[in-house]
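Biologist: I am new to this structure and would be grateful for a close look at one part of it. Please describe the place where the ligand sits and what surrounds it.

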Amino acid sequence: MSEFLLKPRICFGQDVLSALRDVSAHQALLVTDQAMVKFGLAARVTEILGERGIALQIWDDVVADPDIATVVRGMKLMDSRYPDLVVALGGGSVIDAAKAVIFALAQTRPDAGRLRPCFVAIPTTSGTGSEVTSFSVVKAHAEKLVLVDPSLLPDIAILDPTLVASVPPSITADTGMDVLCHALEAYVSRAASDFTDALAEKVVQQVFRYLPTCWRNGQDLQAREKMHNASCMAGMAFTNASLGITHSLAHALGGVFRVPHGRANALLMAQVVAWNADYQGQCDTEAAHKYAHLARLLSLPASTAREGVTSLLVAIEALKDEMTLPAGIHGTGVDGEAFEHRLAEMVGQALRDSCTPTNPRTPDAQALTELYRQAWSGSAVQRHG
Ligand code: NAD
């Protein structure tokens with residue numbers, strides 16, 4: 001049976017944070033991080049909850065790429081004053097931490113079913129789409145584990161572009177490329193459908209149109225709103241269609257070398273598109289034809305599948321260049337010797353990653369090793385283009 005799950009309720013638009021006023025609760029837990037405190041975004045949430053007379057506990061030191069120790073810390077905190085409302089305010093790291101804490105406590109408390117709090121996710125990056133996905137990524141030692149369960153879905157997502165205006169250009173670039181990667185991977189996934197394709201096609205067009213503006217001028221709230229909505233739509237697509245091996249490779253690279261998630265995707269995406277399309281061979285795979293269709297939607301030359309894939313690859317590289325992202329993994333500060341030393345470990349992680357089974361081509365260890373090496377130099381696309 002095929003299905004398309006629609007949840008949560010989505011409130012979107014400038015200053016829609018006020019939608020929090022409609023949520024009733026007695027005891028809330030705010031999950032957030034220090035950037036939200038520094039930029040005054042946490043204060044905007046606490047003010048609204050305070051006006052409503054809702055008692056508030058604050059967990060404001062969630063770190064990027066949360067690990068199991070972080071989740072355990074959150075569980076203890078949440079268990080000490082069990083809330084009827086959890087508000088996650090932050091990027092994917094904060095939202096994923098909140099998801100994992102709610103999920104883990106639900107497994108351990110016998111009364112958890114009755115006590116499930118209302119869960120509101122308020123993203124402050126335009127990247128992961130975590131506010132609408134049944135995924136949570138948690139690090140265990142040097143491995144990123146992807147937890148997938150429908151109970152991880154928030155009840156309400158609040159998409160307010162004014163909360164993204166403070167994101168600096170480099171994080172805007174990384175997270176924006178994550179959005180593009182979600183759309184591209186959902187689009188060619190083995191579990192893609194008419195529903196997910198429609199979302200992915202819209203996302204790809206919005207990213208190429210609005211991401212460079214967000215990168216140049218973070219205060220452009222119209223462009224920010226388009227990217228924020230694109231991020232959410234990409235999340236809707238991939239929570240239903242799942243992802244592919246760009247994500248599997250990026251999870252391992254991020255887990256072992258702490259390369260930020262969006263940047264890791266940005267540096268691996270073109271190589272995976274070329275491999276899925278069989279660019280070095282006939283370039284006649286179903287994925288190749290779908291990529292060519294995307295090129296047409298972007299008004300790029302695509303009279304054949306190969307021409308369309310070439311156009312898409314060039315467009316991806318041009319977008320990276322425009323936002324001064326490094327061409328390859330070598331430009332991220334990862335040591336070349338350490339990279340080679342940990343290559344087999346990363347390939348092993350990527351092979352067992354939960355995003356791998358839906359990739360349109362089934363990879364083996366040799367193919368993933370080659371993709372990592374191509375992404376190290378970032379030169380494969382030009383060589384074959
Ligand atoms: P992030 O949450 O790690 O945030 C990156 C940095 O940006 C942090 O330092 C954060 O404090 C800062 N930041 C966030 N919002 C800001 C704002 N408005 N102004 C200024 N600074 C701000 O980055 P992310 O890319 O949003 O999330 C990445 C994490 O999400 C990774 O762990 C990744 O594996 C995971 N992820 C989850 C899903 C999912 O569906 N659950 C999907 C993709 C990725």
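Modeller: The ligand occupies the space of the largest pocket. The model is a predicted one, and the description below should be read in that light.

The elements that contribute two or more residues to the shell around the ligand are α1 (34-38), α4 (92-108), β6 (135-140) and α6 (169-188). In total, 29 residues surround the ligand, and those that come nearest are D65, S93, T124, T125 and T133. Sorted by class, this shell holds eleven nonpolar, twelve polar and six charged residues.

Several polar contacts can be described atom by atom. In the side chain of D65, an N or O atom is 2.6 Å from an oxygen atom of the ligand. T125 also approaches through its side chain: one of its polar atoms lies 2.7 Å from an oxygen atom of the ligand. With F135 the backbone takes part, as a backbone N or O atom of this residue lies 3.0 Å from a nitrogen atom of the ligand. As for cover, the ligand on its own has 870 Å² of accessible area, and the protein covers 89% of it.

The pocket itself may now be considered. The largest pocket holds about 1,000 Å³ of space. Its lining is made up of 46 residues, of which A64, D65, G91, G92 and S93 are the closest to the centre of the pocket. Two of these names have appeared before: D65 and S93 are also among the residues that come nearest to the ligand.

Elements that give two or more residues to the lining of this pocket are α1, α4, β6, β7 (143-148), α6, α9 (245-257) and α10 (261-277). The largest share comes from α6, which supplies five residues. By class, the lining has 20 nonpolar, 16 polar and ten charged residues.

Between two of the lining elements there is a backbone detail to note. The loop between β6 and β7 contains H141. This residue has a positive phi of about 55°, although H141 is not a glycine.

For orientation, the second largest pocket can be set beside this description. About 320 Å³ of space lies in that pocket. It is lined by 17 residues, and E3, F4, L5, T239 and N240 are the closest to its centre. The elements giving two or more residues to this lining are α7 (194-216) and α8 (221-241). Its residues divide into nine nonpolar, six polar and two charged.

One further backbone detail concerns the beginning of the chain. K7 and P8 are joined by a cis peptide bond, with omega at about 0°. P8 belongs to the segment before β1 (9-12).

To return to the part requested, the ligand takes up the space of the largest pocket, with D65 and T125 each offering a side-chain atom to an oxygen atom of the ligand and F135 a backbone atom to a nitrogen atom of the ligand.

Key. Residues are numbered from 1 along each chain as its sequence is written. This is a predicted model: local features need pLDDT of at least 70, side-chain atom pairs count only at pLDDT 80 or more; totals for chains, interfaces and linings use all residues. Side-chain values use heavy atoms; hydrogens and water are left out. A residue is near a molecule or strand if one of its heavy atoms lies within 4 Å of it. A polar contact is a pair of N or O atoms within 3.5 Å; within protein, one must be able to donate a hydrogen and the other to accept it, and residues adjacent in sequence count only if both atoms are side-chain atoms. Accessible areas come from the Shrake-Rupley method with a 1.4 Å probe; for residues, only the protein chains shown count as cover. On a 1 Å grid over the protein atoms alone, a cavity is a set of points where a 1.4 Å probe fits but cannot get out, and a pocket is an open set with protein on both sides within 12 Å along at least five of seven lines; lining residues have an atom within 4 Å of a point. A molecule sits in a cavity or pocket if more than half of its atoms lie within 2 Å of its grid points. Helices (H or I, at least four residues) and strands (E, at least two) are DSSP runs, numbered from the N terminus. Ala, Val, Leu, Ile, Met, Phe, Trp, Tyr, Cys and Pro count as nonpolar, Asp, Glu, Lys and Arg as charged, and the others, Gly among them, as polar. Grid points are joined across faces, edges and corners, and a volume is the space filled by probe spheres set on the points.
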